[in-house]
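The following report takes up strand pairing, a helix pair, the contact between two chains and a few backbone details.

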Amino acid sequence: MTNLSDRQLLKELKDRLQERTKYEHEIKVLSQELQVVTTRFKESEALKSHFISNISNEIVNPFTSILGLSKSILAVEKNDWKKVVSMVALIHSEAFNLDFQLKNIFVAAKIEAGEVTPNIAKVNVRNIIQTMIESFGLVARKMGIEIEFNFDIAYGFGKNFYFKTDSEKIKLIMSNMLNNALKYSYKDSKVIITVTADEDFLTISVQDFGTGISEKNQKIIFERFKRLDSGINSINRGHGLGLSITKALLDVMGGSIEIDSKKGEGSTFTVRIPEAKNVVDGFSGEGNDIFFDDDDEIF
Amino acid sequence: MNQYLQHFLYPSTLFASREPYMVKTILGSCVAICLWDPVNKIGGINHYMLPNWNGNDLASPKYGNIAIEKLIERMVQLGSKRDNIQAKIFGGGDLIAVDRSAMLIGERNIRVARIILEEKKIPVIASSTGGRKGRKILFFTDTGEVRHKFIDKREY
(Lines give C-alpha, C1' and ligand atoms only; values in the text may rest on other atoms or scores of the structure.)
Protein backbone atom coordinates (compact mmCIF):
# COMPACT_ATOMS: atom_id res chain seq x y z
CA MET A 1 0.00 0.00 0.00
CA THR A 2 1.08 3.49 -0.72
CA ASN A 3 1.22 6.19 1.89
CA LEU A 4 -2.13 7.56 2.86
CA SER A 5 -2.79 11.03 4.11
CA ASP A 6 -4.54 11.30 7.47
CA ARG A 7 -7.66 12.37 5.76
CA GLN A 8 -7.72 9.38 3.45
CA LEU A 9 -7.03 7.10 6.35
CA LEU A 10 -9.94 8.48 8.30
CA LYS A 11 -12.23 8.13 5.34
CA GLU A 12 -11.16 4.56 4.79
CA LEU A 13 -11.77 3.71 8.43
CA LYS A 14 -15.16 5.32 8.37
CA ASP A 15 -16.13 3.42 5.25
CA ARG A 16 -15.07 0.13 6.73
CA LEU A 17 -16.96 0.78 9.92
CA GLN A 18 -20.05 1.61 7.96
CA GLU A 19 -19.73 -1.54 5.96
CA ARG A 20 -19.41 -3.50 9.14
CA THR A 21 -22.62 -2.08 10.54
CA LYS A 22 -24.31 -3.04 7.32
CA TYR A 23 -23.14 -6.63 7.64
CA GLU A 24 -24.11 -6.76 11.26
CA HIS A 25 -27.57 -5.68 10.32
CA GLU A 26 -27.70 -8.30 7.60
CA ILE A 27 -26.64 -10.99 10.04
CA LYS A 28 -29.34 -9.90 12.42
CA VAL A 29 -31.97 -10.15 9.71
CA LEU A 30 -30.69 -13.53 8.65
CA SER A 31 -30.66 -14.96 12.14
CA GLN A 32 -34.19 -13.72 12.62
CA GLU A 33 -35.16 -15.54 9.45
CA LEU A 34 -33.43 -18.63 10.73
CA GLN A 35 -35.46 -18.47 13.92
CA VAL A 36 -38.67 -18.34 11.92
CA VAL A 37 -37.61 -21.33 9.84
CA THR A 38 -36.67 -23.28 12.96
CA THR A 39 -40.03 -22.65 14.57
CA ARG A 40 -41.77 -23.74 11.41
CA PHE A 41 -39.65 -26.86 11.28
CA LYS A 42 -40.47 -27.74 14.87
CA GLU A 43 -44.15 -27.21 14.17
CA SER A 44 -43.90 -29.42 11.13
CA GLU A 45 -42.17 -32.16 13.11
CA ALA A 46 -44.82 -32.02 15.82
CA LEU A 47 -47.56 -32.26 13.23
CA LYS A 48 -45.84 -35.18 11.61
CA SER A 49 -45.55 -37.22 14.78
CA HIS A 50 -49.12 -36.33 15.59
CA PHE A 51 -50.04 -37.52 12.14
CA ILE A 52 -48.33 -40.84 12.62
CA SER A 53 -50.11 -41.60 15.88
CA ASN A 54 -53.33 -40.49 14.27
CA ILE A 55 -52.88 -42.61 11.23
CA SER A 56 -52.07 -45.74 13.17
CA ASN A 57 -55.36 -45.29 15.00
CA GLU A 58 -57.12 -44.80 11.70
CA ILE A 59 -55.78 -48.08 10.40
CA VAL A 60 -55.57 -50.22 13.51
CA ASN A 61 -59.02 -49.45 14.92
CA PRO A 62 -61.05 -50.45 11.86
CA PHE A 63 -58.98 -53.60 11.51
CA THR A 64 -59.59 -54.55 15.11
CA SER A 65 -63.32 -54.04 14.65
CA ILE A 66 -63.37 -56.02 11.43
CA LEU A 67 -61.47 -58.90 13.02
CA GLY A 68 -63.66 -58.89 16.11
CA LEU A 69 -66.88 -58.69 14.16
CA SER A 70 -65.97 -61.44 11.73
CA LYS A 71 -64.98 -63.65 14.63
CA SER A 72 -68.39 -63.07 16.19
CA ILE A 73 -70.06 -63.92 12.91
CA LEU A 74 -68.17 -67.21 12.79
CA ALA A 75 -69.45 -67.99 16.27
CA VAL A 76 -73.10 -67.21 15.52
CA GLU A 77 -75.56 -70.09 15.88
CA LYS A 78 -77.39 -70.99 12.70
CA ASN A 79 -80.80 -69.95 13.95
CA ASP A 80 -79.46 -66.56 15.02
CA TRP A 81 -78.50 -65.61 11.45
CA LYS A 82 -80.35 -62.30 11.63
CA LYS A 83 -77.68 -60.93 13.93
CA VAL A 84 -75.20 -61.41 11.13
CA VAL A 85 -76.80 -58.75 8.97
CA SER A 86 -76.13 -55.94 11.42
CA MET A 87 -72.60 -57.16 12.02
CA VAL A 88 -71.89 -57.27 8.32
CA ALA A 89 -73.18 -53.72 8.04
CA LEU A 90 -70.67 -52.68 10.69
CA ILE A 91 -67.87 -54.50 8.93
CA HIS A 92 -68.82 -52.78 5.74
CA SER A 93 -68.74 -49.33 7.28
CA GLU A 94 -65.37 -49.96 8.93
CA ALA A 95 -63.92 -51.33 5.72
CA PHE A 96 -65.38 -48.42 3.76
CA ASN A 97 -63.69 -45.97 6.08
CA LEU A 98 -60.42 -47.84 5.92
CA ASP A 99 -60.53 -47.86 2.14
CA PHE A 100 -61.19 -44.13 2.08
CA GLN A 101 -58.32 -43.32 4.44
CA LEU A 102 -55.85 -45.57 2.64
CA LYS A 103 -56.71 -44.11 -0.77
CA ASN A 104 -56.02 -40.66 0.60
CA ILE A 105 -52.72 -41.63 2.13
CA PHE A 106 -51.50 -43.31 -1.05
CA VAL A 107 -52.51 -40.36 -3.20
CA ALA A 108 -50.75 -37.96 -0.83
CA ALA A 109 -47.61 -40.08 -1.14
CA LYS A 110 -47.92 -40.06 -4.93
CA ILE A 111 -48.37 -36.30 -5.03
CA GLU A 112 -45.34 -35.82 -2.83
CA ALA A 113 -43.32 -38.11 -5.08
CA GLY A 114 -44.29 -36.04 -8.11
CA GLU A 115 -46.09 -38.86 -9.85
CA VAL A 116 -49.57 -37.47 -10.23
CA THR A 117 -50.52 -36.50 -13.76
CA PRO A 118 -53.88 -35.76 -15.35
CA ASN A 119 -55.53 -38.73 -16.97
CA ILE A 120 -58.15 -37.24 -19.24
CA ALA A 121 -61.22 -38.96 -20.64
CA LYS A 122 -64.81 -38.08 -21.39
CA VAL A 123 -66.53 -38.41 -18.07
CA ASN A 124 -70.21 -38.87 -17.38
CA VAL A 125 -70.37 -36.41 -14.51
CA ARG A 126 -73.86 -37.22 -13.25
CA ASN A 127 -73.06 -40.88 -13.15
CA ILE A 128 -69.84 -40.45 -11.26
CA ILE A 129 -71.33 -38.20 -8.59
CA GLN A 130 -74.33 -40.47 -8.21
CA THR A 131 -71.95 -43.35 -7.57
CA MET A 132 -70.08 -41.34 -4.94
CA ILE A 133 -73.33 -40.43 -3.20
CA GLU A 134 -74.41 -44.05 -3.18
CA SER A 135 -71.12 -45.15 -1.70
CA PHE A 136 -71.60 -42.74 1.16
CA GLY A 137 -75.27 -43.71 1.46
CA LEU A 138 -74.83 -46.06 4.39
CA VAL A 139 -72.80 -43.56 6.40
CA ALA A 140 -75.33 -40.83 5.69
CA ARG A 141 -78.30 -43.01 6.59
CA LYS A 142 -76.69 -43.99 9.85
CA MET A 143 -76.48 -40.31 10.79
CA GLY A 144 -79.93 -39.54 9.48
CA ILE A 145 -78.52 -37.19 6.86
CA GLU A 146 -80.24 -36.76 3.56
CA ILE A 147 -78.00 -36.12 0.56
CA GLU A 148 -79.74 -33.92 -1.97
CA PHE A 149 -78.36 -33.91 -5.50
CA ASN A 150 -79.11 -31.03 -7.86
CA PHE A 151 -77.79 -31.57 -11.32
CA ASP A 152 -78.39 -28.22 -12.97
CA ILE A 153 -77.09 -28.91 -16.41
CA ALA A 154 -79.55 -28.77 -19.24
CA TYR A 155 -78.16 -31.03 -21.88
CA GLY A 156 -80.52 -32.30 -24.49
CA PHE A 157 -83.38 -34.57 -23.58
CA GLY A 158 -82.34 -38.01 -22.45
CA LYS A 159 -78.72 -37.39 -23.23
CA ASN A 160 -75.81 -37.69 -20.89
CA PHE A 161 -73.60 -34.79 -20.07
CA TYR A 162 -69.95 -35.55 -20.72
CA PHE A 163 -67.04 -33.47 -19.56
CA LYS A 164 -63.41 -33.97 -20.44
CA THR A 165 -61.60 -34.43 -17.17
CA ASP A 166 -59.91 -36.92 -14.87
CA SER A 167 -62.54 -39.18 -13.36
CA GLU A 168 -60.38 -40.73 -10.64
CA LYS A 169 -59.38 -37.31 -9.36
CA ILE A 170 -62.97 -36.07 -9.41
CA LYS A 171 -63.95 -39.13 -7.40
CA LEU A 172 -61.30 -38.46 -4.77
CA ILE A 173 -62.17 -34.79 -4.55
CA MET A 174 -65.86 -35.63 -4.24
CA SER A 175 -65.29 -38.28 -1.62
CA ASN A 176 -63.23 -35.88 0.47
CA MET A 177 -65.80 -33.12 0.20
CA LEU A 178 -68.64 -35.51 1.03
CA ASN A 179 -66.74 -37.09 3.86
CA ASN A 180 -66.06 -33.69 5.39
CA ALA A 181 -69.63 -32.53 4.94
CA LEU A 182 -70.96 -35.63 6.68
CA LYS A 183 -68.29 -35.56 9.35
CA TYR A 184 -69.10 -32.01 10.42
CA SER A 185 -72.87 -32.26 10.02
CA TYR A 186 -75.28 -32.63 12.92
CA LYS A 187 -77.52 -35.65 13.10
CA ASP A 188 -80.73 -35.56 11.06
CA SER A 189 -79.73 -32.78 8.72
CA LYS A 190 -79.03 -32.38 5.06
CA VAL A 191 -76.13 -32.18 2.63
CA ILE A 192 -76.79 -30.52 -0.70
CA ILE A 193 -74.66 -31.24 -3.77
CA THR A 194 -75.10 -28.89 -6.70
CA VAL A 195 -73.49 -29.33 -10.08
CA THR A 196 -73.49 -26.68 -12.77
CA ALA A 197 -71.52 -26.10 -15.94
CA ASP A 198 -70.80 -22.89 -17.77
CA GLU A 199 -68.66 -22.42 -20.85
CA ASP A 200 -65.65 -24.58 -20.13
CA PHE A 201 -66.04 -24.97 -16.39
CA LEU A 202 -67.62 -27.57 -14.20
CA THR A 203 -68.70 -26.38 -10.78
CA ILE A 204 -69.51 -28.74 -7.94
CA SER A 205 -70.57 -27.45 -4.56
CA VAL A 206 -71.21 -29.40 -1.38
CA GLN A 207 -73.17 -27.66 1.33
CA ASP A 208 -73.71 -28.84 4.88
CA PHE A 209 -75.57 -27.37 7.83
CA GLY A 210 -73.08 -28.48 10.44
CA THR A 211 -70.57 -26.88 12.75
CA GLY A 212 -69.17 -24.39 10.25
CA ILE A 213 -65.70 -22.89 10.23
CA SER A 214 -64.70 -19.54 11.67
CA GLU A 215 -63.09 -17.04 9.32
CA LYS A 216 -59.75 -17.39 11.03
CA ASN A 217 -59.79 -21.15 10.64
CA GLN A 218 -60.84 -21.02 7.01
CA LYS A 219 -57.33 -19.86 6.20
CA ILE A 220 -55.56 -22.82 7.74
CA ILE A 221 -57.75 -25.79 6.91
CA PHE A 222 -55.88 -26.49 3.69
CA GLU A 223 -52.61 -27.04 5.48
CA ARG A 224 -51.52 -30.63 5.53
CA PHE A 225 -52.14 -32.65 8.68
CA LYS A 226 -54.06 -29.70 10.09
CA ARG A 227 -57.22 -30.55 11.97
CA LEU A 228 -59.16 -27.97 13.83
CA ASP A 229 -59.98 -30.32 16.66
CA SER A 230 -56.84 -32.36 16.95
CA GLY A 231 -57.17 -32.98 20.67
CA ILE A 232 -57.19 -36.48 22.02
CA ASN A 233 -60.88 -36.18 22.83
CA SER A 234 -61.81 -35.19 19.33
CA ILE A 235 -65.01 -36.92 18.27
CA ASN A 236 -64.14 -36.74 14.65
CA ARG A 237 -61.75 -39.10 13.00
CA GLY A 238 -59.35 -38.25 10.27
CA HIS A 239 -55.81 -37.29 9.56
CA GLY A 240 -56.17 -33.78 8.19
CA LEU A 241 -54.92 -34.72 4.75
CA GLY A 242 -58.22 -34.51 2.91
CA LEU A 243 -58.25 -30.87 1.98
CA SER A 244 -54.55 -30.66 1.14
CA ILE A 245 -55.06 -33.57 -1.22
CA THR A 246 -58.13 -31.94 -2.70
CA LYS A 247 -56.19 -28.77 -3.32
CA ALA A 248 -53.21 -30.55 -4.85
CA LEU A 249 -55.45 -32.59 -7.15
CA LEU A 250 -57.27 -29.45 -8.27
CA ASP A 251 -53.88 -27.93 -8.97
CA VAL A 252 -53.11 -30.76 -11.38
CA MET A 253 -56.39 -30.14 -13.21
CA GLY A 254 -56.09 -26.36 -13.13
CA GLY A 255 -59.11 -26.04 -10.85
CA SER A 256 -59.78 -24.09 -7.69
CA ILE A 257 -61.69 -24.40 -4.43
CA GLU A 258 -63.61 -21.88 -2.36
CA ILE A 259 -65.15 -21.99 1.09
CA ASP A 260 -68.18 -20.12 2.23
CA SER A 261 -68.84 -20.79 5.87
CA LYS A 262 -70.18 -19.30 9.04
CA LYS A 263 -69.48 -20.73 12.44
CA GLY A 264 -72.55 -22.57 13.67
CA GLU A 265 -74.40 -22.42 10.36
CA GLY A 266 -72.53 -24.82 8.15
CA SER A 267 -70.16 -24.67 5.22
CA THR A 268 -70.25 -24.73 1.46
CA PHE A 269 -67.21 -25.95 -0.43
CA THR A 270 -67.21 -25.18 -4.13
CA VAL A 271 -64.77 -26.54 -6.68
CA ARG A 272 -64.39 -25.21 -10.20
CA ILE A 273 -62.67 -27.35 -12.79
CA PRO A 274 -61.85 -26.28 -16.34
CA GLU A 275 -62.57 -28.72 -19.13
CA ALA A 276 -59.36 -30.41 -20.21
CA LYS A 277 -58.22 -29.94 -23.76
CA ASN A 278 -57.40 -32.93 -25.89
CA VAL A 279 -54.09 -31.49 -26.71
CA VAL A 280 -51.64 -29.93 -24.37
CA ASP A 281 -50.67 -26.79 -26.26
CA GLY A 282 -47.93 -27.62 -28.67
CA PHE A 283 -48.14 -31.36 -28.18
CA SER A 284 -50.38 -33.81 -29.92
CA GLY A 285 -51.93 -36.59 -27.93
CA GLU A 286 -49.68 -39.30 -29.31
CA GLY A 287 -46.55 -37.26 -29.21
CA ASN A 288 -45.49 -38.38 -32.67
CA ASP A 289 -45.56 -34.88 -34.01
CA ILE A 290 -42.50 -33.21 -35.39
CA PHE A 291 -41.86 -31.18 -32.38
CA PHE A 292 -38.52 -29.69 -33.17
CA ASP A 293 -36.98 -28.32 -36.28
CA ASP A 294 -33.44 -27.86 -37.37
CA ASP A 295 -33.21 -24.42 -35.86
CA ASP A 296 -33.42 -25.78 -32.33
CA GLU A 297 -30.74 -24.80 -29.99
CA ILE A 298 -28.95 -27.75 -28.53
CA PHE A 299 -27.59 -27.75 -25.02
CA MET B 1 -35.39 -40.46 -32.85
CA ASN B 2 -37.91 -43.25 -33.01
CA GLN B 3 -36.25 -45.70 -30.69
CA TYR B 4 -36.88 -43.36 -27.80
CA LEU B 5 -39.67 -43.93 -25.34
CA GLN B 6 -41.54 -40.70 -24.74
CA HIS B 7 -42.71 -38.97 -21.66
CA PHE B 8 -44.56 -35.71 -21.29
CA LEU B 9 -43.53 -34.04 -18.07
CA TYR B 10 -46.35 -32.25 -16.28
CA PRO B 11 -45.73 -29.40 -13.84
CA SER B 12 -45.07 -30.50 -10.25
CA THR B 13 -43.83 -33.90 -11.36
CA LEU B 14 -40.47 -35.62 -11.70
CA PHE B 15 -39.06 -38.08 -14.14
CA ALA B 16 -35.87 -40.11 -14.10
CA SER B 17 -34.86 -43.23 -15.97
CA ARG B 18 -32.05 -45.58 -16.91
CA GLU B 19 -33.81 -46.34 -20.19
CA PRO B 20 -33.37 -43.94 -23.10
CA TYR B 21 -36.33 -41.60 -22.85
CA MET B 22 -37.22 -38.43 -24.66
CA VAL B 23 -38.89 -36.14 -22.15
CA LYS B 24 -40.85 -33.14 -23.35
CA THR B 25 -42.05 -30.23 -21.36
CA ILE B 26 -43.20 -26.64 -21.71
CA LEU B 27 -41.93 -23.93 -19.43
CA GLY B 28 -43.03 -20.42 -18.64
CA SER B 29 -42.02 -19.08 -15.31
CA CYS B 30 -41.56 -22.68 -14.22
CA VAL B 31 -38.06 -24.07 -14.11
CA ALA B 32 -36.90 -27.51 -15.21
CA ILE B 33 -33.59 -28.89 -14.08
CA CYS B 34 -32.12 -31.69 -16.16
CA LEU B 35 -29.72 -33.87 -14.25
CA TRP B 36 -27.50 -36.25 -16.10
CA ASP B 37 -25.06 -38.89 -14.99
CA PRO B 38 -22.63 -39.47 -17.88
CA VAL B 39 -21.12 -42.55 -16.25
CA ASN B 40 -24.29 -44.59 -15.93
CA LYS B 41 -26.24 -42.73 -18.63
CA ILE B 42 -29.05 -41.90 -16.25
CA GLY B 43 -31.11 -38.79 -16.83
CA GLY B 44 -33.69 -37.07 -14.69
CA ILE B 45 -35.75 -33.93 -14.95
CA ASN B 46 -38.13 -31.96 -12.75
CA HIS B 47 -40.57 -29.14 -13.43
CA TYR B 48 -41.36 -26.89 -10.53
CA MET B 49 -43.64 -23.89 -10.34
CA LEU B 50 -42.58 -22.05 -7.19
CA PRO B 51 -39.21 -21.61 -5.51
CA ASN B 52 -39.73 -22.71 -1.93
CA TRP B 53 -42.14 -24.93 -0.05
CA ASN B 54 -44.34 -22.92 2.29
CA GLY B 55 -44.59 -25.71 4.84
CA ASN B 56 -48.37 -25.88 4.46
CA ASP B 57 -49.24 -27.76 1.31
CA LEU B 58 -48.21 -31.30 0.63
CA ALA B 59 -44.46 -31.39 0.23
CA SER B 60 -44.64 -31.99 -3.51
CA PRO B 61 -42.17 -31.21 -6.29
CA LYS B 62 -44.30 -28.19 -7.14
CA TYR B 63 -41.68 -26.39 -5.08
CA GLY B 64 -38.09 -25.96 -6.21
CA ASN B 65 -36.32 -26.87 -3.03
CA ILE B 66 -38.28 -30.12 -2.80
CA ALA B 67 -38.17 -30.90 -6.52
CA ILE B 68 -34.38 -30.63 -6.66
CA GLU B 69 -33.83 -32.69 -3.52
CA LYS B 70 -36.23 -35.41 -4.70
CA LEU B 71 -34.77 -35.57 -8.19
CA ILE B 72 -31.26 -36.08 -6.84
CA GLU B 73 -32.60 -38.77 -4.50
CA ARG B 74 -34.30 -40.49 -7.44
CA MET B 75 -31.07 -40.43 -9.47
CA VAL B 76 -29.15 -41.93 -6.58
CA GLN B 77 -31.79 -44.63 -6.21
CA LEU B 78 -31.30 -45.49 -9.88
CA GLY B 79 -27.61 -45.93 -9.25
CA SER B 80 -26.00 -42.55 -9.86
CA LYS B 81 -23.18 -41.22 -7.75
CA ARG B 82 -23.72 -37.67 -6.58
CA ASP B 83 -20.24 -36.68 -7.77
CA ASN B 84 -21.00 -37.65 -11.34
CA ILE B 85 -24.20 -35.70 -11.73
CA GLN B 86 -24.23 -32.57 -13.84
CA ALA B 87 -27.07 -30.12 -14.34
CA LYS B 88 -28.70 -27.96 -16.99
CA ILE B 89 -31.24 -25.32 -16.05
CA PHE B 90 -34.09 -24.10 -18.24
CA GLY B 91 -37.06 -21.78 -17.93
CA GLY B 92 -37.86 -19.13 -15.40
CA GLY B 93 -39.07 -16.56 -17.87
CA ASP B 94 -41.27 -13.78 -16.59
CA LEU B 95 -44.18 -13.82 -18.93
CA ILE B 96 -46.57 -11.62 -17.05
CA ALA B 97 -45.13 -8.42 -18.36
CA VAL B 98 -48.25 -6.40 -17.70
CA ASP B 99 -47.94 -6.56 -13.96
CA ARG B 100 -44.37 -5.85 -13.02
CA SER B 101 -45.22 -6.57 -9.42
CA ALA B 102 -45.82 -10.22 -10.29
CA MET B 103 -43.11 -11.01 -7.76
CA LEU B 104 -40.74 -12.21 -10.46
CA ILE B 105 -41.47 -15.85 -9.85
CA GLY B 106 -39.31 -16.91 -12.77
CA GLU B 107 -36.28 -15.15 -11.39
CA ARG B 108 -36.81 -16.58 -7.93
CA ASN B 109 -37.22 -20.04 -9.42
CA ILE B 110 -33.88 -19.71 -11.18
CA ARG B 111 -32.15 -18.40 -8.09
CA VAL B 112 -33.26 -21.32 -5.96
CA ALA B 113 -31.91 -23.72 -8.60
CA ARG B 114 -28.49 -22.09 -8.62
CA ILE B 115 -28.26 -21.87 -4.84
CA ILE B 116 -29.24 -25.47 -4.17
CA LEU B 117 -27.13 -26.92 -6.97
CA GLU B 118 -24.11 -25.00 -5.73
CA GLU B 119 -24.76 -26.22 -2.22
CA LYS B 120 -24.89 -29.80 -3.51
CA LYS B 121 -21.75 -29.20 -5.60
CA ILE B 122 -23.51 -30.19 -8.79
CA PRO B 123 -21.98 -28.32 -11.73
CA VAL B 124 -24.32 -26.40 -14.00
CA ILE B 125 -22.91 -27.07 -17.44
CA ALA B 126 -25.53 -25.27 -19.51
CA SER B 127 -28.58 -23.13 -19.06
CA SER B 128 -31.13 -20.99 -20.79
CA THR B 129 -33.10 -19.01 -18.30
CA GLY B 130 -35.04 -15.82 -17.82
CA GLY B 131 -36.29 -13.57 -20.55
CA ARG B 132 -39.84 -12.89 -21.60
CA LYS B 133 -40.62 -16.00 -23.56
CA GLY B 134 -41.78 -19.50 -22.82
CA ARG B 135 -39.72 -22.50 -23.80
CA LYS B 136 -40.29 -25.97 -25.14
CA ILE B 137 -37.62 -28.42 -24.25
CA LEU B 138 -36.79 -31.99 -25.14
CA PHE B 139 -34.46 -33.90 -22.87
CA PHE B 140 -32.75 -37.14 -23.88
CA THR B 141 -32.05 -39.13 -20.76
CA ASP B 142 -29.32 -41.31 -22.28
CA THR B 143 -27.18 -38.58 -23.80
CA GLY B 144 -28.13 -35.67 -21.57
CA GLU B 145 -28.79 -33.62 -24.67
CA VAL B 146 -31.42 -30.92 -24.48
CA ARG B 147 -33.14 -29.38 -27.48
CA HIS B 148 -34.60 -26.04 -26.78
CA LYS B 149 -36.89 -23.61 -28.53
CA PHE B 150 -38.56 -20.36 -27.56
CA ILE B 151 -42.30 -20.03 -27.87
CA ASP B 152 -44.63 -17.08 -27.73
CA LYS B 153 -47.08 -18.44 -25.25
CA ARG B 154 -48.96 -17.50 -22.20
CA GLU B 155 -48.23 -18.66 -18.69
CA TYR B 156 -47.57 -22.31 -17.97
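Which residue of β3(B) stands opposite B:Phe8? In β3(B), the residue opposite B:Phe8 is B:Lys24. The model is a predicted one, in which local features need pLDDT of at least 70 and side-chain atom pairs count only at pLDDT 80 or more, while totals for chains, interfaces and linings use all residues. Residues are numbered from 1 along each chain as its sequence is written, and chains are lettered from A and ligands numbered from 1 in the order in which they are written.

**Sheet across the chains**

Helices (H or I, at least four residues) and strands (E, at least two) are DSSP runs, numbered from the N terminus, and two strands pair if DSSP finds at least two bridges between them. β1(B) pairs with strand β3 (residues 21-27) of chain B in the parallel sense, over four bridges. Both belong to an open sheet of five strands with mixed pairing, whose order is β8(A)-β9(B)-β8(B)-β3(B)-β1(B). Its edge strands, each pairing on one side only, are β8 (297-298) of chain A and β1 (5-8) of chain B. β8(A) runs antiparallel to β9(B) and is joined to it by two bridges, with A:Ile298 opposite B:Arg147.

Beyond this sheet, 29 residues of chain B are in contact with 27 residues of chain A, contact meaning that the C-beta atoms of two residues, placed from the backbone, lie within 7 Å. On the side of chain B that touches chain A, β9(B) gives the most, with five residues. By class, that side of chain B has 12 nonpolar, eight polar and nine charged residues, where Ala, Val, Leu, Ile, Met, Phe, Trp, Tyr, Cys and Pro count as nonpolar, Asp, Glu, Lys and Arg as charged, and the others, Gly among them, as polar.

**Strands and helices of chain A**

Strand β7 (residues 266-274) of chain A pairs in the antiparallel sense with strand β5 (residues 201-208) of chain A over seven bridges, and strand β6 (residues 256-262) of chain A also pairs with β7(A) in the antiparallel sense over seven bridges. A:Phe269 of β7(A) is the bridge partner of A:Val206 and also stands opposite A:Ile259. Three residues lie between β6(A) and β7(A), which form a hairpin.

The axes of helix α1 (residues 6-75) of chain A and helix α2 (residues 82-112) of chain A come within 9 Å and cross at roughly 155 degrees; axes are lines fitted to C-alpha atoms, for helices over the stretch in contact, and angles run from 0 to 180 degrees between N-to-C directions. The two helices are therefore roughly antiparallel to each other, a term used for angles over 145 degrees. The residues of their contact divide into 13 nonpolar, five polar and two charged.

**Positive phi**

The table lists three residues with positive phi.

| Residue | Phi | Place |
|---|---|---|
| A:Gly264 | about 90 degrees | turn of the β6(A)-β7(A) hairpin |
| A:Asp188 | about 55 degrees | loop between α5 (167-183) and β4 (190-198) of chain A |
| B:Ser12 | about 70 degrees | loop between β1 and β2 (14-17) of chain B |

Is B:Ser12 buried or exposed? B:Ser12 is buried, because 26 other C-beta atoms lie within 10 Å, whereas A:Asp188 counts as exposed because it has 9 C-beta neighbours inside 10 Å; buried means 20 or more other C-beta atoms within 10 Å of the residue's own, exposed 12 or fewer, and partly exposed in between, with C-beta atoms placed from the backbone.

Technical notes. Parallel < 35°, antiparallel > 145°, perpendicular 65-115°, else oblique.
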